[in-house]
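Hi there,

Here is the structure I promised to pass on to you. Have a look at it first, and then read on for what turned up in it.

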Amino acid sequence: MNTLEKLTAEKLLSIRAIKLQPSNPFTWASGWKSPIYCDNRKLISYPRIRTFIKIELSRLIIENFPEVDAIAGVATGAIAPGALVADALGLPFVYIRSTPKDHGLENLIEGELKPGSKVVVVEDLVSTGSSSLKAVEAIRRDSSDVIGMVANFTYGFPIATEKFNAAGVQLLTLTNYDAVLDEALRIDYIAESDLETLQEWRKAPADWK
């Protein structure tokens with residue numbers, strides 16, 4: 001585990017952008033019961049952490065996708081960080097809706113993306129990968145090339161890894177579930193006895209009780 005993963009995990013936990021409640025689980029929109037909840041939208045209210053995320057996402061892109069022409073944020077959680085990264089890199093920015101508008105131009109992609117652009121997608125978090133890869137499909141249908149995706153956090157579900165590999169998309173994240181658990185244990189956010197519950201959940205989250 002590298003220093004960036006630990007540092008990002010500490011920052012997300014410090015503002016409760018990530019909450020851990022093994023004994024009082026959350027219910028996700030999918031209906032899954034979960035001992036963890038991630039709300040990266042909170043980052044925009046904390047200037048120092050917001051700047052940290054902007055700088056580190058920008059660094060990931062510069063170091064791994066230097067040929068990038070444009071940045072795309074996935075609505076709604078990654079619109080703000082995506083725009084910040086695009087501004088830092090001096091690149092065009094668009095965002096991808098989950099569904100097209102039901103009026104006006106009925107856009108799925110908001111902003112102007114020139115055909116043939118090499119695009120890096122910015123996400124706030126990756127769970128199963130389905131919504132993230134829908135954004136990738138939209139960009140590809142728009143005659144542009146997705147050269148990679150960066151995100152603040154991933155749960156590290158095997159199904160997401162499989163989907164990204166099948167789609168031919170390289171995913172890079174600032175931190176991940178394992179780093180969050182390590183940091184949460186270090187700062188006494190959780191007890192050693194909570195680890196088994198938290199680790200069991202990730203093995204089969206859809207069936208976890």
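Below are notes on helix packing, the spaces inside and on the protein, and two backbone details.

Please keep in mind that this is a predicted model.

**How the helices pack**

Two packed helices are described by the angle between their axes and the distance between the axes. Three pairs are worth a look on your screen.

Start with α2 and α3, whose axes are 9 Å apart and meet at an angle of about 60°. An angle under 65 degrees but not under 35 counts as oblique, and α2 and α3 are therefore oblique to each other. Their crossing is right-handed. On the α2 side, the contact is made by Arg-50, Lys-54, Leu-57, Ser-58, Ile-61 and Ile-62, and on the α3 side by Leu-84, Val-85, Ala-88 and Leu-89. By class, that contact has seven nonpolar residues, one polar and two charged.

Next come α4 and α5, the latter covering residues 158-167. The angle between α4 and α5 is about 10° and their axes are 10 Å apart. Since angles under 35 degrees count as roughly parallel, α4 and α5 are described that way: roughly parallel to each other. Ser-130, Ser-132, Leu-133 and Arg-140 of α4 make the contact with Lys-163, Phe-164 and Ala-167 of α5. Three of these residues are nonpolar, two are polar and two are charged.

The third pair brings together α1 (residues 3-14) and α6 (residues 177-186), with axes that come within 9 Å and cross at roughly 65°. The crossing of α1 with α6 is right-handed. From α1, the contact uses Glu-5, Lys-6, Ala-9, Glu-10 and Leu-13, while α6 brings Ala-179, Val-180, Glu-183, Ala-184 and Arg-186. What classes of residue are found in the contact of α1 with α6? There are five nonpolar and five charged residues, and no polar ones.

**The cavity**

How many cavities of 30 Å³ or more are there? The count comes to one, and the space in the largest cavity is about 80 Å³. Its lining takes in Asn-40, Leu-43, Ile-44, Arg-50, Ile-53, Lys-54, Pro-81 and Leu-84. You have already met some of these names: Arg-50 and Lys-54 of α2 and Leu-84 of α3 are also among the residues in the contact between those two helices. Both α2 (47-64) and α3 (79-89) supply at least two residues each to the cavity lining, and α2 gives the most, with three. Sorted by class, the lining has five nonpolar residues, one polar and two charged.

**The pocket**

The largest pocket holds about 840 Å³ of space. It is lined by 33 residues, and those closest to its centre are Glu-123, Asp-124, Leu-125, Ser-127 and Ser-131. Which elements give two or more residues to this lining? They are β4 (36-38), β8 (118-126) and α4 (130-141). The largest share comes from α4, with eight residues. The lining of the pocket divides into 15 nonpolar, 10 polar and eight charged residues.

**Two backbone details**

Most residues other than glycine have a negative phi, and most peptide bonds are trans. Two places in this model are worth checking against that.

One is the bond between Ala-75 and Thr-76, which is a cis peptide bond with omega of about -5°. Thr-76 sits in the loop between β5 (70-74) and α3, the helix that also packs against α2.

The other is Arg-16, which is not a glycine but has a positive phi of about 60°. You will find Arg-16 in the loop between α1 and β1 (18-20).

Enjoy looking around, and send over any questions.

Best wishes

How values were computed. Residues numbered from 1 in each chain as written. Predicted model: local features only at pLDDT ≥ 70, side-chain atom pairs only at ≥ 80, totals over all residues. Heavy atoms only, no water. 1 Å grid on protein atoms, 1.4 Å probe; cavity = no way out; pocket = protein on both sides within 12 Å on 5 of 7 lines; lining within 4 Å. Points joined across faces, edges and corners; volume = space filled by probe spheres on them. Helix = DSSP H or I, 4+ residues; strand = E, 2+ residues; numbered from the N terminus. Nonpolar A, V, L, I, M, F, W, Y, C, P; charged D, E, K, R; others polar. Axes fitted to C-alpha atoms, helices over the stretch in contact; angles between N-to-C directions. Left-handed = near helix turned anticlockwise from the far one by under 90°. Contact = heavy atoms within 4.5 Å. Parallel < 35°, antiparallel > 145°, perpendicular 65-115°, else oblique.
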